[in-house]
Number of protein chains: 2
Amino acid sequence: MAVTIKEVAKAAGVAPSTVSRVIADHPRISPATKKKVKKAMKEMGYHPNANARNLANRSTQSLGVVMPSSADKALQNPFFPEVLRGISAVAHELDYSMLLCTGETDDEMLEAVKRMVYSNRTDGIILLYSQVNDPIMHFLLEQNFPFVIVGKPAERVDEITHVDNDNVRAGKEITHHLIELGHERIAFIGGSEDRIVTIDRMRGYELALEEAGLPYLEDYRIHTEFLKSGGRQAVHELFSLPKPPTGIVIADDLMSIGVVNMLEEFGKRVPEEVSIVSFNNVYLSEITRPPLTTVDIHIHGLGSQAAKCLIEKIKNKEEPAKRIIVPFDIKYRSSTKEIKTKQEG
Amino acid sequence: MAVTIKEVAKAAGVAPSTVSRVIADHPRISPATKKKVKKAMKEMGYHPNANARNLANRSTQSLGVVMPSSADKALQNPFFPEVLRGISAVAHELDYSMLLCTGETDDEMLEAVKRMVYSNRTDGIILLYSQVNDPIMHFLLEQNFPFVIVGKPAERVDEITHVDNDNVRAGKEITHHLIELGHERIAFIGGSEDRIVTIDRMRGYELALEEAGLPYLEDYRIHTEFLKSGGRQAVHELFSLPKPPTGIVIADDLMSIGVVNMLEEFGKRVPEEVSIVSFNNVYLSEITRPPLTTVDIHIHGLGSQAAKCLIEKIKNKEEPAKRIIVPFDIKYRSSTKEIKTKQEG
DNA sequence: TTATATCATGTATAGGCTTACATAATTTTT
DNA sequence: AAAAATTATGTAAGCCTATACATGATATAA
């Protein structure tokens, strides 16, 4: 059994409460006893017991982090380790620990979150995704439990603290880049339409087309989970169109890699024949072939800001809902190319 | 304040200890009172407080998971989300939660681990990496704190429970595959030589060469962190050799992608001019171009086995050290090609 | 110098749960 | 039918820390 506050107290010849106060750096402890107690703590190898402490404090000093359910392969997205790092950076600094929550199915996830909340294992929760009609979010809302979202809430946007990029603008700007290069037939490939991030990025894509006076074709929009075969089929159809696109806006770097692969299969080369842009700027996008022109969304920043907001909210339940927009910038690399021959008006 | 055991007891007309026993499903509680108490719990929305419980039990019901320090980009490896899923699967099942531990520097990591251990935040630790002379491992050993390694310990192999693939054999077999295809000039590219996984895979590579009577050249071995520029330089040198390799064994799928990219830059095509094999079989390796022939190490299994072992060890301190070898299999895809023209004797 | 404010520390309780031990009720044994 | 064993539940003492309140010692004010 580890050494307790009592034993330290006895050794230092003071009361347990005094030791506790020394730990908390209470101002009304004389320098002399402070020193004496600290010495005893060192000598005896004392370390406070987090459980006891948290019980007394009615807190846990830990942040729950909820990943999307891992039904799909999306979880292998390097986005996640990177946000985790961001969260970890400030959590560590402010002396919080991170409780991770994954699960195979949505039900399993919800159950896991409920357990975390009910059993008081965490002081607050970060949702690493945002989707339409999310039961977990509803639960948290209903319980009035502190949480923040990385991404934009599907509803009650003004009541829920969230950390996001301006994905609409990012979508618009990156699409605009393609337009500037002379592209007029631009497709959009994104994941599930339930994910807010997909919706926003697509919205930006639409706006850019509109602004440029380019037609907006239903056939140019693909939503797929990208589990290989499904995605292949979709891309195949896209390029079987009478007027196939010359540029594609893809909602995620990881998908881009799959798309490049499929295009190659169909004999289309990137960027010579098709230009591609995407989002996230994971490390991968730099080392893949071709290196991707992509929106750097500052994943690490998303994570660290989310952690910061959540901790503020935990410390002060009255903290108003906030919206933090992490700026993005575009990394211009080699997956796009100017288009010379204007494709008929 | 949440409802406590006492309140439930009062409502059900029993003693708090009875309620506690109902929760623990104690056999000596009559079905009648069990039912009565459960009803009260439901009605009042009672949920046990994890902190109080853990304090009384001197346990935490949580597993600490230590990722490598994120100094390098290696953390963006999809390997990690995938092991986490594996760990999570059994942790969840056995009602443990996962405490994540990352850090920028090695010192920060060590400090974080010390805090976890000293403050009793976790019952045991899973190390997601293994390297030579790891201060964290030494600390854990010295404290006699339950931990398991995903990978092979650098020392005291028989005293430390670990879950690993037979990386030497995997290295040998995958290299052998290249040899079977007629390759005789085979290089090896791996990450840091401090990582045991690199060492083992390279050892397998060497064994395969030896067995086939192929020469083993110093110049054919590259170790790099693969932070782009460094890797590029190395690959450049490799292919400036008088006799450049026709096949490469690469220690990790993620690196493979970088290598393919660089080769392309140097005008070498995969697999037409250079064959490539690697390890891990992350989702990416399937969708990249070309799809990689790679060793499927069953990442999920590594994680789940590790969690299982750790929990066993937590429950029984006397549990002997174990070594679990998760089987691997090779996914044959399109990054290798038979070599026709025997390159001079 | 005495009353009062300030400071340094101690006492005791709370936080929510588990569990060894005690006790009352029931069943089994002889 | 009394003694013994078993069963069902209660009592109370932890687990370790934080903190409101109490107390004694100094310093300040009147």
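## Sheets, helices and DNA contacts

Q: How many bridges join strand β6 (residues 186-190) of chain B to β7(B)?
A: Strands are DSSP runs of E with at least two residues, and helices are DSSP runs of H or I with at least four, all numbered from the N terminus. Two strands pair if DSSP finds at least two bridges between them. Strands β6 and β7 of chain B run parallel, and the number of bridges that join them is three.

Q: What kind of model is this?
A: Residues are numbered from 1 along each chain as its sequence is written, chains are lettered from A and ligands numbered from 1 in the order in which they are written, and side-chain values use heavy atoms, with hydrogens and water left out. Local features need pLDDT of at least 70, side-chain atom pairs count only at pLDDT 80 or more, and totals for chains, interfaces and linings use all residues, this being a predicted model.

Q: Which strands stand at the edges of the open sheet in chain B?
A: The sheet consists of six strands with mixed pairing, in the order β7-β6-β8-β9-β10-β12. Each edge strand has a single partner, so one side of each is left without a neighbour in the sheet. These edge strands of chain B are β7 (221-223) and β12 (329-331).

Q: Which helix of chain B packs on the sheet, touching β6, β8, β9 and β10?
A: Between β6 and β7 of chain B, B:Gly190 stands opposite B:His223. The strands that the helix touches, with contact taken as heavy atoms within 4.5 Å, include β8 (247-250) and β9 (275-280) of chain B. The direction of the helix makes about 160 degrees with that of β9(B), where angles run from 0 to 180 degrees between N-to-C directions and axes are lines fitted to C-alpha atoms, for helices over the stretch in contact. The helix, with residues 253-265, is α11 of chain B.

Q: How are helices α1 and α2 of chain B oriented to each other?
A: The axes of α1 (residues 5-12) and α2 (residues 16-24) of chain B come within 8 Å and cross at roughly 105 degrees. Angles under 35 degrees count as roughly parallel, over 145 as roughly antiparallel, 65 to 115 as roughly perpendicular and the rest as oblique. The two helices, α1(B) and α2(B), are therefore roughly perpendicular.

Q: How many nonpolar residues belong to the contact of α1(B) with α2(B)?
A: From α1(B), the residues B:Ile5, B:Lys6, B:Val8 and B:Ala9 meet B:Pro16, B:Val19, B:Ser20 and B:Ile23 in α2(B). Ala, Val, Leu, Ile, Met, Phe, Trp, Tyr, Cys and Pro count as nonpolar, Asp, Glu, Lys and Arg as charged, and the others, Gly among them, as polar. In this contact one residue is polar, one is charged, and the number of nonpolar residues is six.

Q: What is the average twist from one strand to the next in the sheet of chain A?
A: Chain A has an open sheet of six strands with mixed pairing, ordered β7-β6-β8-β9-β10-β12. Its edge strands, β7 (221-223) and β12 (329-331), each pair on one side only. The twist from one strand to the next averages 20 degrees.

Q: Which residue in β10(A) stands opposite A:Asn280?
A: Strands β9 (residues 275-280) and β10 (residues 293-296) of chain A pair in the parallel sense over four bridges. Opposite A:Asn280, the residue in β10(A) is A:Asp296.

Q: Which helix gives the most residues to the surface near DNA strand C?
A: A residue is near a strand if one of its heavy atoms lies within 4 Å of it. Among the 27 residues around DNA strand C, those that come nearest include A:Thr18, A:Arg21 and B:Tyr46. The surface has twelve nonpolar, ten polar and five charged residues. With four residues, the helix that gives the most is α4(B).

Q: How far is a base nitrogen of DNA strand C from an N or O atom in the side chain of B:Arg21?
A: A polar contact is a pair of N or O atoms within 3.5 Å; within protein, one must be able to donate a hydrogen and the other to accept it, and residues adjacent in sequence count only if both atoms are side-chain atoms. Phosphate oxygens of DNA strand C lie 2.8 Å from polar side-chain atoms of A:Thr33 and B:Arg53. For the base nitrogen and B:Arg21, the distance is 2.9 Å.

Q: What share of the atoms of DNA strand D within 4 Å of the protein belongs to sugar or phosphate?
A: The 26 residues that surround DNA strand D have A:Ile5, A:Tyr46, A:Arg53, B:Thr18 and B:Arg21 as the closest. A phosphate oxygen of this strand is 2.4 Å from an N or O atom in the side chain of B:Thr18, while a base oxygen lies 3.3 Å from a polar side-chain atom of B:Ser17. Of the atoms of the strand within 4 Å of the protein, the share in sugar or phosphate is 70%.
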